[in-house]
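Let's talk through the charged pairs in this one. Have a look at the sequence and the model first.

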Amino acid sequence: MQEKLYIAYGSNLNRRQMQHRCRTARVVGTAEVQDHELLFRGGSHAVATIEPAAGKSVPVLLWSIRPGDEKALDLYEGWPRFYEKRDIDIQLGSQTVSAMAYVMTEGHAAGTPSQSYLATIAEGYQSAGFNLDVLQTALRRSVEVQWEEAMDYVDWLCDGLDASDELEEEMEELEDIYEEEQPDPADYFFRQEWGC
(Lines give C-alpha, C1' and ligand atoms only; values in the text may rest on other atoms or scores of the structure.)
Protein backbone atom coordinates (compact mmCIF):
# COMPACT_ATOMS: atom_id res chain seq x y z
CA MET A 1 0.00 0.00 0.00
CA GLN A 2 1.38 3.41 -1.00
CA GLU A 3 2.26 5.77 1.83
CA LYS A 4 3.06 9.48 1.77
CA LEU A 5 4.50 11.95 4.23
CA TYR A 6 2.09 14.45 5.76
CA ILE A 7 3.09 17.64 7.59
CA ALA A 8 1.00 18.47 10.68
CA TYR A 9 1.37 21.91 12.28
CA GLY A 10 -2.05 22.51 13.87
CA SER A 11 -4.58 20.29 15.60
CA ASN A 12 -3.21 17.18 13.84
CA LEU A 13 -0.12 17.46 16.02
CA ASN A 14 -2.41 15.98 18.65
CA ARG A 15 -1.71 12.24 18.61
CA ARG A 16 -5.00 11.24 20.24
CA GLN A 17 -6.95 13.15 17.60
CA MET A 18 -4.92 11.62 14.76
CA GLN A 19 -5.31 8.09 16.16
CA HIS A 20 -9.06 8.57 16.08
CA ARG A 21 -9.16 10.16 12.62
CA CYS A 22 -6.37 8.31 10.78
CA ARG A 23 -6.04 4.83 12.23
CA THR A 24 -3.11 3.68 10.08
CA ALA A 25 -1.06 6.90 10.33
CA ARG A 26 2.24 6.72 12.17
CA VAL A 27 4.65 9.40 13.36
CA VAL A 28 7.90 9.55 11.39
CA GLY A 29 9.58 12.42 13.21
CA THR A 30 9.70 16.13 13.92
CA ALA A 31 10.99 18.87 11.65
CA GLU A 32 10.51 22.55 10.80
CA VAL A 33 8.99 24.28 7.80
CA GLN A 34 11.49 27.02 7.04
CA ASP A 35 10.59 30.55 5.92
CA HIS A 36 6.99 30.20 7.10
CA GLU A 37 4.96 31.34 10.10
CA LEU A 38 1.98 29.87 11.90
CA LEU A 39 -1.19 32.00 11.75
CA PHE A 40 -4.87 31.57 12.54
CA ARG A 41 -7.40 32.40 9.84
CA GLY A 42 -11.09 31.80 9.29
CA GLY A 43 -12.58 34.79 11.08
CA SER A 44 -14.65 33.89 14.13
CA HIS A 45 -13.85 30.18 13.65
CA ALA A 46 -10.13 30.63 13.07
CA VAL A 47 -7.91 27.60 12.57
CA ALA A 48 -4.21 27.14 11.87
CA THR A 49 -2.42 27.71 8.60
CA ILE A 50 1.13 28.40 7.53
CA GLU A 51 2.16 31.34 5.37
CA PRO A 52 5.48 32.41 3.84
CA ALA A 53 7.60 34.56 6.19
CA ALA A 54 11.31 34.96 5.52
CA GLY A 55 13.54 33.88 8.40
CA LYS A 56 10.77 32.27 10.46
CA SER A 57 10.00 28.59 10.96
CA VAL A 58 7.14 26.39 12.15
CA PRO A 59 7.72 23.16 14.11
CA VAL A 60 5.87 20.22 12.58
CA LEU A 61 5.20 16.56 13.13
CA LEU A 62 5.69 14.31 10.10
CA TRP A 63 3.21 11.47 9.69
CA SER A 64 3.28 8.58 7.26
CA ILE A 65 -0.27 8.24 5.95
CA ARG A 66 -2.09 5.81 3.66
CA PRO A 67 -4.82 6.64 1.11
CA GLY A 68 -7.62 6.03 3.64
CA ASP A 69 -5.95 8.39 6.11
CA GLU A 70 -5.65 11.04 3.40
CA LYS A 71 -9.35 10.73 2.55
CA ALA A 72 -10.22 11.28 6.23
CA LEU A 73 -7.90 14.31 6.35
CA ASP A 74 -9.42 15.70 3.13
CA LEU A 75 -12.84 15.69 4.79
CA TYR A 76 -11.59 17.14 8.07
CA GLU A 77 -9.56 19.91 6.38
CA GLY A 78 -12.30 20.93 3.94
CA TRP A 79 -10.17 20.15 0.91
CA PRO A 80 -10.17 21.62 -1.73
CA ARG A 81 -12.20 24.71 -0.77
CA PHE A 82 -10.90 25.61 2.68
CA TYR A 83 -7.44 24.06 2.46
CA GLU A 84 -5.37 23.13 -0.56
CA LYS A 85 -2.60 20.54 -0.67
CA ARG A 86 0.99 21.62 -1.18
CA ASP A 87 4.17 19.59 -1.39
CA ILE A 88 6.89 21.16 0.73
CA ASP A 89 10.54 20.16 0.90
CA ILE A 90 11.56 19.64 4.50
CA GLN A 91 14.67 18.47 6.34
CA LEU A 92 14.17 15.14 8.11
CA GLY A 93 17.35 14.22 9.88
CA SER A 94 20.14 14.47 7.32
CA GLN A 95 17.96 14.19 4.23
CA THR A 96 15.55 16.48 2.41
CA VAL A 97 12.14 14.93 1.80
CA SER A 98 8.98 16.15 0.12
CA ALA A 99 5.84 16.05 2.25
CA MET A 100 2.24 17.14 1.76
CA ALA A 101 0.71 19.92 3.86
CA TYR A 102 -2.77 21.40 3.94
CA VAL A 103 -2.47 25.18 3.54
CA MET A 104 -5.47 27.47 3.79
CA THR A 105 -6.82 28.85 0.53
CA GLU A 106 -6.83 32.61 -0.14
CA GLY A 107 -9.47 34.98 1.17
CA HIS A 108 -9.92 33.94 4.80
CA ALA A 109 -9.68 36.69 7.40
CA ALA A 110 -7.28 36.42 10.31
CA GLY A 111 -8.90 35.60 13.62
CA THR A 112 -8.47 33.99 17.00
CA PRO A 113 -9.14 30.30 17.53
CA SER A 114 -11.41 28.85 20.19
CA GLN A 115 -9.81 27.89 23.48
CA SER A 116 -10.60 24.22 22.90
CA TYR A 117 -8.96 24.25 19.46
CA LEU A 118 -5.89 26.02 20.84
CA ALA A 119 -5.74 23.55 23.75
CA THR A 120 -5.77 20.64 21.26
CA ILE A 121 -2.79 22.16 19.45
CA ALA A 122 -1.00 22.98 22.72
CA GLU A 123 -1.36 19.35 23.84
CA GLY A 124 0.23 18.29 20.54
CA TYR A 125 3.05 20.79 21.03
CA GLN A 126 3.76 19.46 24.49
CA SER A 127 3.76 15.79 23.45
CA ALA A 128 6.09 16.57 20.53
CA GLY A 129 8.42 18.60 22.77
CA PHE A 130 7.79 21.88 20.92
CA ASN A 131 8.10 25.27 22.59
CA LEU A 132 4.69 26.79 23.40
CA ASP A 133 6.14 30.25 22.66
CA VAL A 134 5.52 29.53 18.97
CA LEU A 135 1.77 29.28 19.68
CA GLN A 136 1.81 32.47 21.72
CA THR A 137 3.59 34.30 18.93
CA ALA A 138 1.16 32.93 16.33
CA LEU A 139 -1.83 34.05 18.37
CA ARG A 140 -0.40 37.55 18.86
CA ARG A 141 0.54 37.83 15.20
CA SER A 142 -2.93 36.69 14.12
CA VAL A 143 -4.53 39.42 16.24
CA GLU A 144 -2.17 41.98 14.65
CA VAL A 145 -3.05 40.76 11.15
CA GLN A 146 -6.75 40.79 12.04
CA TRP A 147 -6.46 44.44 13.10
CA GLU A 148 -4.45 45.35 9.98
CA GLU A 149 -7.05 43.72 7.73
CA ALA A 150 -9.87 45.52 9.55
CA MET A 151 -8.09 48.87 9.17
CA ASP A 152 -7.48 48.20 5.47
CA TYR A 153 -11.20 47.55 5.08
CA VAL A 154 -12.12 50.74 6.95
CA ASP A 155 -9.67 52.72 4.80
CA TRP A 156 -11.25 51.22 1.69
CA LEU A 157 -14.73 52.17 2.94
CA CYS A 158 -13.63 55.68 3.85
CA ASP A 159 -12.00 56.18 0.45
CA GLY A 160 -15.20 55.02 -1.24
CA LEU A 161 -17.33 57.34 0.87
CA ASP A 162 -14.95 60.31 0.56
CA ALA A 163 -14.78 60.35 4.36
CA SER A 164 -14.61 63.57 6.28
CA ASP A 165 -11.51 64.73 8.15
CA GLU A 166 -13.45 64.21 11.40
CA LEU A 167 -14.03 60.51 10.65
CA GLU A 168 -10.38 60.02 9.71
CA GLU A 169 -9.32 61.62 13.02
CA GLU A 170 -11.66 59.29 14.92
CA MET A 171 -10.15 56.29 13.13
CA GLU A 172 -6.62 57.43 14.02
CA GLU A 173 -7.70 57.76 17.67
CA LEU A 174 -9.11 54.23 17.54
CA GLU A 175 -5.82 52.92 16.16
CA ASP A 176 -3.90 54.67 18.98
CA ILE A 177 -6.24 53.22 21.62
CA TYR A 178 -5.95 49.74 20.13
CA GLU A 179 -2.16 49.86 20.07
CA GLU A 180 -1.97 51.12 23.67
CA GLU A 181 -4.68 49.01 25.32
CA GLN A 182 -4.79 45.84 23.26
CA PRO A 183 -5.42 42.82 25.46
CA ASP A 184 -3.07 39.95 24.82
CA PRO A 185 -5.17 36.85 24.08
CA ALA A 186 -2.07 34.66 24.09
CA ASP A 187 -1.18 35.66 27.65
CA TYR A 188 -4.77 35.12 28.78
CA PHE A 189 -5.08 31.67 27.19
CA PHE A 190 -1.74 30.34 28.33
CA ARG A 191 -2.24 31.61 31.88
CA GLN A 192 -5.75 30.10 32.06
CA GLU A 193 -5.05 26.77 30.35
CA TRP A 194 -1.40 26.02 30.98
CA GLY A 195 -0.34 28.24 33.89
CA CYS A 196 2.53 29.85 31.96
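Buried means under 20% relative accessible area, exposed means over 50%, and partly exposed is in between (1.4 Å probe, protein chains only). This is a predicted model, so local features need pLDDT of at least 70 and side-chain atom pairs count only at pLDDT 80 or more, while totals for chains, interfaces and linings use all residues. Residues are numbered from 1 along each chain as its sequence is written, and side-chain values use heavy atoms, with hydrogens and water left out.

Q: How many salt bridges turn up in the whole structure?
A: Opposite charges on side chains can pair when the charged atoms come close. Here a salt bridge is a side-chain nitrogen of Lys or Arg within 4 Å of a carboxyl oxygen of Asp or Glu. Searching the whole structure gives 13.

Q: Which residue forms a salt bridge with R41?
A: R41 sits in strand β2 (residues 26–41) and is paired with a residue 108 positions away, in helix α4 (residues 133–161). Helices (H or I, at least four residues) and strands (E, at least two) are DSSP runs, numbered from the N terminus. The closest N and O atoms are 2.8 Å apart, and the partner is E149.

Q: Is D74, the partner of K85, buried or exposed?
A: D74 and K85 meet in a salt bridge at 3.0 Å, N to O. K85 is partly exposed at 26% relative accessibility. D74 has 12% relative accessibility, so D74 counts as buried.
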